[in-house]
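Work through the exercises below with the sequence and the model at hand. Each task is followed by a solution in steps.

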Amino acid sequence: MSDRQQELGITESKEHSPGEWYAEVVQKAGLADYAPMGGFIVTRPRGYALWEGIQDHLDGWFKETGVQNAYFPLFIPESYLEREKDIVEGFDPEVAWVTQAGNDELDERLAVRPTSESIITPFMSQWIRSHRDLPLRLNQWCSVVRWEATDTKPFFRTKEFLWQEGHTAHRDGEGAWEETMLRLEQYRRLHEEVLAVPVLEGRKPEHDKFPGADTTTAVQALMPDGKSLQAATSHYLGDGFAEAFDVTYVDEDEQEHVAHTASWGLSWRALGGMVMTHSDDQGLVLPPALAPEQVVVVPIWQEETQEEVLEYAAGLAADLDEAGLRVELDDRDGRNPGFKFNEWELKGVPLRIEVGPNEVESEEATLVHRPDGESVVESRESIAETADDHLDTVYAKLYATAEEQLDENVREAESRNELLGTIGQHGGYVKAAWCGEESCETEIKDEIAAEIVMVPLDEEEDPIDDTCAICGESATETAYFAKSY
């Protein structure tokens, strides 16, 4: 193997050193580099293309359901933040402040947005007058800054990150709750249909809600290292924000009413979860729906067969392109086939098509699946349709593997010691009956750094046991404990 091939390859082990392995995959697959300031990253074109893929899917679904995109300032006056006290208290350690512009001290501190409820809601108040203005559904694609992040990891946790944040206003609680559930379902759909990552849906315990929210819901994805990733959140905010910012409307009864609001967001940590879930010791593995190149065609030739092999490969690639598949023809002369195979495996392309003199003669093509190296010889005829079928198979393989991992790592515990031992030995999710007191979660968190990542969405659902697994008092609900990012 050449020095260049060695440099391209992944040297860390996913199983034995997942943190170092993940960082190496992100860098060597060309997704991101570390910025000169600690806690920030530079997103490279390949990484940004993945984020654009997520945007394309979500933005389309949002617009189909009445959402309009807007953009609000990066800076939020301190007085605006203070109008919703829970926001201030909840985000205080994370806020970066601007106090000077040029040589002048600012009259009022400006927060670099950690989230935008306190700048968007006041404008909703101006734009809403009548029930006819409702529901109002706004979304912005932007970055936010949360300075508190210390244990940073590209895409998983950085001080600045890209996301979308939706903010909506409704006539009543029922409409705002339906909105909350609709967006949660869209986040589940994105993970399962596009990213091939199965998720659990739940709500956060009362003490861990979004500041000022009535109910916070989330999708949780299990990572291969046994930790849970909160991949997206959707908040029913009740009428608290609307009261704080005077979001009212005149209804058909000609009386003034306070609106109910919701907010919902997904960040590029969904990308981090996808990379960690599917990738392996050969490098990045991408699901077909998101891969910048879904198929790479690699011609294999000797000098005497070069012309006919290249012509055959180019025709095949043209057919794939015409059918709407994202295809790359790697006809570079200075690289041997082995190098090309390794490089495209490192970059995560789901399907490789190999074409040599034998394939030309037989009018066939050899298709190789990225996740497991399965190789299948197929007829050249209807190659685009055939490739599409193979991409579906690749998706199914990725999803099935991730789903099996999730199913095998949801366990139950009936006592404190069983809960601690199960998380300590296996990781994953451990379901336990819980009394609802934060002190019981704190006890587990102090012992093994695990927390309650969610409780079932259905508040009427009976707990799995009558007594709390930690304190022995009467249980009110089932809690899912896990170590988390």
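The exercises deal with a buried strand residue, a nonpolar core and an aromatic pair.

This is a predicted model, in which local features need pLDDT of at least 70 and side-chain atom pairs count only at pLDDT 80 or more, while totals for chains, interfaces and linings use all residues. Residues are numbered from 1 along each chain as its sequence is written, and side-chain values use heavy atoms, with hydrogens and water left out.

**Exercise 1.** Determine whether Val 144 is buried or exposed.

Solution. Val 144 is found in strand E7, residues 136-145 (strands, E, at least two residues, and helices, H or I, at least four, are DSSP runs numbered from the N terminus). Its relative accessible area is 0%, so Val 144 is buried (under 20% relative accessible area; exposed is over 50%, partly exposed in between; 1.4 Å probe, protein chains only). The C-alpha atoms of Val 144 and Glu 160 are separated by 5.6 Å, with their positions 16 residues apart along the chain.

**Exercise 2.** Find which helix gives the largest share of the largest nonpolar core.

Solution. This core (buried Ala, Val, Leu, Ile, Met, Phe, Trp, Tyr and Cys joined through side-chain atoms within 4.5 Å) has 52 residues. Helix H3, residues 45-64, supplies the largest share, six residues.

**Exercise 3.** Classify the ring pair of Phe 155 and Trp 268.

Solution. Rings of Phe, Tyr and Trp (its six-membered ring) pair if their centres lie within 6.5 Å; planes under 30 degrees apart are stacked, over 60 edge-to-face, the rest tilted. Here the centres are 5.2 Å apart and the planes at 85°, so the pair is edge-to-face. Phe 155 and Trp 268 are 113 residues apart, and both are buried.
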